[in-house]
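Student: I have a structure in front of me and would like to learn how to read it. Could you take me through some features, one at a time?

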Amino acid sequence: MDVWIIFNPILKALLYAASFGSVGSFLFNLHFAKQLTAELQAYCDYLTYRSILVGAVTSLLMVFSVAGNLGGDLVSVIDPLMLRLALESKSGVGYSTAFAGFSGMLIAHYLRGYAKRVGLMISSAAILFSFTMSGHSQPGGTLTQSLLMIHLFGITFWLGALLPFRWMCLQHDPQKLGVIAHRFGVLAMGYVGLLISAGLGYAYLLLGDISLIFTTLYGNVLLIKIVLVVALLSLAALNKFKLVPSLESKLTHAVRGFQRSVQFEIALALIILTASSLLTTSMTLPMGK
């Protein structure tokens, strides 16, 4: 059996998680800097740093996996010719760009003030852009790449907030939880609109025929992903209109209810990332698109 059938989806899922973890934690910091306590700020910095390290290692491993795919065996990952061909391929360039982005974030992590913020912004953009440099977004050109970037940006904002929210719920005194959750809900309405519209537009351009979502394996997995995203957004709507208002009282049952909801969102997000990794590594577009 081809080992890359197993390795590639796992590596791609890790790359997604590391990208959303590092860039998402930075965006969380950026949007809610005035509301963050020193402890929460330190936790977000920790998440960003750890995610950067995982992302840098994973993006390098993805370059080696391209070489292995080209050569057809494990030995090819250290073959100079295969590595050179991998680095020259679109996938290799994309993963190299991701590695450069993670490296830039690591350097910026040790800077201060305006230089740190600018460095993190540029590096974050490079990481998200790397996903548009190869794969299914290529045939559609600039339009599909732009839609994918917008979709990724919305997802990153959303998923990057889950672990910080979970951390706040676990504290003895969840300071600022209600304030930040309320502000997140307000901002999320705009981000979710971008996420959904860009995602649906991107999916339609990839398939060309909406009926293929029911009649092809790629379409079926995409449909499962869409259903999971709808479930995630429905849960988020419940948070905003029912759970978040009750957080202002800081009642224990309200915080615990919000924590359970966030943990369920995290579980759904992991399944969505797995489905996305399968779509981009193990499946081809219908009708040879």
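Tutor: We will go through aromatic pairs, pockets and one helix. Keep in mind that this is a predicted model.

Student: How is a pair of aromatic rings described, and how many aromatic pairs does the structure hold?

Tutor: A pair of aromatic rings is described by two values, the distance of the centres and the angle of the planes. The structure holds 13 aromatic pairs. Take Tyr16 and Phe131: their ring centres are 5.2 Å apart and their planes are at 20°, so this pair is stacked. Planes under 30 degrees apart count as stacked.

Student: Where do Tyr16 and Phe131 lie along the chain?

Tutor: Tyr16 belongs to helix 1 (residues 4-32), while Phe131 is in the loop between helix 5 (113-130) and helix 6 (142-159). The pair therefore ties together parts that are 115 residues apart in sequence.

Student: Are Tyr16 and Phe131 buried or exposed?

Tutor: Buried means under 20% relative accessible area. Tyr16 has 8% relative accessibility, so Tyr16 counts as buried. Phe131 is buried as well, with a relative accessible area of 11%.

Student: Which kind of aromatic pair do Tyr49 and Tyr110 form?

Tutor: That pair is edge-to-face, with 6.4 Å from centre to centre and 85° between the planes. Tyr49 sits in helix 2 (residues 38-71) and Tyr110 in the loop between helix 4 (90-109) and helix 5, so the pair links distant parts of the chain, 61 residues apart. Tyr49 is partly exposed at 24% relative accessibility, and Tyr110 is exposed, with a relative accessible area of 53%.

Student: Which residues form one aromatic cluster?

Tutor: Phe28, Phe32, Phe153, Phe157, Trp158, Phe165, Phe184, Tyr191 and Phe258 do.

Student: How is empty space found, and how much of it lies in the largest pocket?

Tutor: Rolling a probe the size of a water molecule over the atoms shows where empty space is left. Here, the largest pocket has about 1,000 Å³ of space. Its lining has 50 residues, and the closest to its centre are Tyr16, Lys225, Ser276, Leu279 and Thr280. Tyr16 is the buried residue from the stacked pair.

Student: Which helix gives the largest share of that lining, and what classes do the residues of the lining divide into?

Tutor: Helix 10 gives the largest share, eight residues. Several helices supply at least two residues each, among them helix 1, helix 8 (177-207), helix 10 (217-247) and helix 11 (252-281). By class, the lining of the largest pocket has 32 nonpolar, 16 polar and two charged residues.

Student: What volume does the second largest pocket have, and which residues are the closest to its centre?

Tutor: The volume is about 300 Å³. Of the 14 lining residues, Ala17, Gly21, Leu159, Leu163 and Leu270 are the closest to the centre of the second largest pocket. Helix 1, helix 2, helix 7 (162-169) and helix 11 each supply at least two residues of this lining. Its residues are 10 nonpolar, four polar and no charged.

Student: How many residues does helix 2 have, and what is it followed by?

Tutor: In general, an α-helix has 3.6 residues a turn. Helix 2 has 34 residues and reaches 50 Å from its first C-alpha to its last, close to the 50 Å expected at 1.5 Å a residue. Helix 2 is followed by Gly72, whose phi is positive, near 85°. Gly72 is in the loop between helix 2 and helix 3 (80-88), and Gly72 is exposed, with a relative accessible area of 56%. The C-alpha atoms of Gly72 and Trp4 are separated by 8.7 Å, although these residues are 68 residues apart along the chain.

Note on methods
Residues numbered from 1 in each chain as written. Predicted model: local features only at pLDDT ≥ 70, side-chain atom pairs only at ≥ 80, totals over all residues. Heavy atoms only, no water. Phe/Tyr/Trp six-rings, centres within 6.5 Å; stacked < 30°, edge-to-face > 60°. Helix = DSSP H or I, 4+ residues; strand = E, 2+ residues; numbered from the N terminus. Buried < 20%, exposed > 50% of the residue type's maximum accessible area, 1.4 Å probe, protein only. 1 Å grid on protein atoms, 1.4 Å probe; cavity = no way out; pocket = protein on both sides within 12 Å on 5 of 7 lines; lining within 4 Å. Points joined across faces, edges and corners; volume = space filled by probe spheres on them. Nonpolar A, V, L, I, M, F, W, Y, C, P; charged D, E, K, R; others polar. Expected span 1.5 Å × (residues − 1).
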